[in-house]
Amino acid sequence: MIQGCENVRMDPLLRRAPRVAYRNGGVDEALREEGTLAVLGFGRGAATANDPRCFEVALECFDAPAPLEVWQVDAPVVHGAEGALRWSAGGGWLFVSIELDERECGGPRDTALRAYETLRRFVGQRDERHVLRVWNYLGAINQGDGDAERYKLFCDGRASGMGDFFAEGFPAATAIGHHADAPCLQVYLLACDQAGARVENPRQVSAWRYPRQYGRTPPSFARAMTLPAQDALAISGTAAVVGHASAHADDLQAQLQETFANLETLLASAGMAAGFDTHSPLKAYVRHPADVPQVRDFVRQHLPGVPVLLLHGDICRSELLVELDGWRYA
Ligand code: 3EB
């Protein structure tokens, strides 16, 4: 069990969690540092380099200039590319990203299928085959009705592309809608040569058990993942979902409060001390730019000093206005 920093007895054989942080420096400087596994930029024209460790997330940041997100491990990093897939690895950790254009893959379902097949094939032949955390960003996520909503088609394709690779349990994940011009699916992930421990939220029905009303294929993700050394928790996209239902449709303040309650419950469920701190980078995905001041106020009050990146993103249920994800270190 994780019981706060002082009490963590780290097994030296277990992989220390990558350090994830936002910073305002340059890309080249971050890439020159030994141990840099990934450098994420946000929004159109984000500063990135033609290096497989770099990835330009198709979500606009509400802060200018948008910071970089840098992942660092305790070992030298090697990297490469294979077709659309880009990867970097070091110290038992693996970062993989893929971006596919739906116009070349045939819609959201087949694009997700192709992305996950490609990722699964690549990861499956690596030592770092334990996929702990995945991020998914796709355009017009709420377009289409009923089972034809694009998020639901994405869920169908994702599950098909995963095959039985996650038979023992799904990774922690986020799926958010972007507003980029091109209909691209972006997927990136963190994997390790050691397994993590999946965490569910007792206030919520596990996503893979959602009833039929949410689509043919329930979403394939765990609510959170404790990393191998139990020194960090990777927190999936968390919104105002209670049981399986969306709570407080179209009420931003109540959704923020419910989301916060879900995050606190998740920490307790992972056996972690309550609260977030200055080393816990989070993201808040906000559907309506006009809601940003209210989200900022909430964050300032309830998450003082916590680095929270505010991004323009659509949540996968149209009545949900905000979602948070991120990291908590023990
Ligand atoms: C929810 O609780 C909100 O499809 O990968 C959150 C995190 C959500 C991940 C996914 C979806 C996903 O169901 C939506």
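1. In this predicted model, residues 24 or more positions apart account for 76% of the contacts in the protein with a separation of 6 or more. A student reading the sequence alongside the structure may wish to keep that figure in mind when following the points below.

2. The protein has 6 helices and 18 strands. Its radius of gyration is 18 Å, close to the 20 Å that the globule rule gives for 330 residues, and it is therefore as compact as a globular protein of that length. Along the principal axes, the C-alpha trace spans about 45 × 45 × 40 Å, and buried residues make up 58% of the 330 residues.

3. Which residues have the most contacts inside the largest nonpolar core? This core has 72 residues, and those with the most contacts inside it are W71, V96, F154 and Y188. Strand β10, which runs over residues 184-192, contributes the largest share of this core, with 7 residues. Apart from this core lies another, of 28 residues, which includes V199, A224, L252 and L303.

4. Y188 deserves a separate look, since the list of its partners can be followed by eye in the structure. When its neighbours within four places in sequence are left aside, Y188 is in contact with L40, F55, V57, W71, F95, V96, S97, R133, V134, W135 and Y137. Two of the residues named for their contacts in the largest core, W71 and V96, are thus also partners of Y188.

5. Turning to the open spaces, the largest pocket holds about 360 Å³ of space. It is lined by 23 residues, of which Y151, Y210, C316, R317 and L320 lie nearest its centre. Helices and strands both appear in the record of its walls: α4 (150-162), β9 (172-178) and β13 (232-238) each supply at least two residues of the lining. By character, the lining of this pocket divides into 11 nonpolar, 5 polar and 7 charged residues.

6. The second largest pocket has a volume of about 300 Å³, and 14 residues line it, with R129, H130, F165, E168 and R198 lying nearest its centre. Which strand gives the most to the lining of this second largest pocket? Strand β8, covering residues 130-139, does so, with 3 residues. The lining residues of the second largest pocket divide into 7 nonpolar, 3 polar and 4 charged.

Technical notes: Residues are numbered from 1 along each chain as its sequence is written. This is a predicted model: local features need pLDDT of at least 70, side-chain atom pairs count only at pLDDT 80 or more; totals for chains, interfaces and linings use all residues. Side-chain values use heavy atoms; hydrogens and water are left out. On a 1 Å grid over the protein atoms alone, a cavity is a set of points where a 1.4 Å probe fits but cannot get out, and a pocket is an open set with protein on both sides within 12 Å along at least five of seven lines; lining residues have an atom within 4 Å of a point. Grid points are joined across faces, edges and corners, and a volume is the space filled by probe spheres set on the points. Helices (H or I, at least four residues) and strands (E, at least two) are DSSP runs, numbered from the N terminus. Ala, Val, Leu, Ile, Met, Phe, Trp, Tyr, Cys and Pro count as nonpolar, Asp, Glu, Lys and Arg as charged, and the others, Gly among them, as polar. A nonpolar core is a set of buried Ala, Val, Leu, Ile, Met, Phe, Trp, Tyr and Cys residues joined through side-chain atoms within 4.5 Å. Buried means under 20% relative accessible area, exposed over 50%, partly exposed in between (1.4 Å probe, protein chains only). Contact means heavy atoms within 4.5 Å. The radius of gyration is taken over C-alpha atoms; the globule rule is 2.2 Å times the number of residues to the power 0.38.
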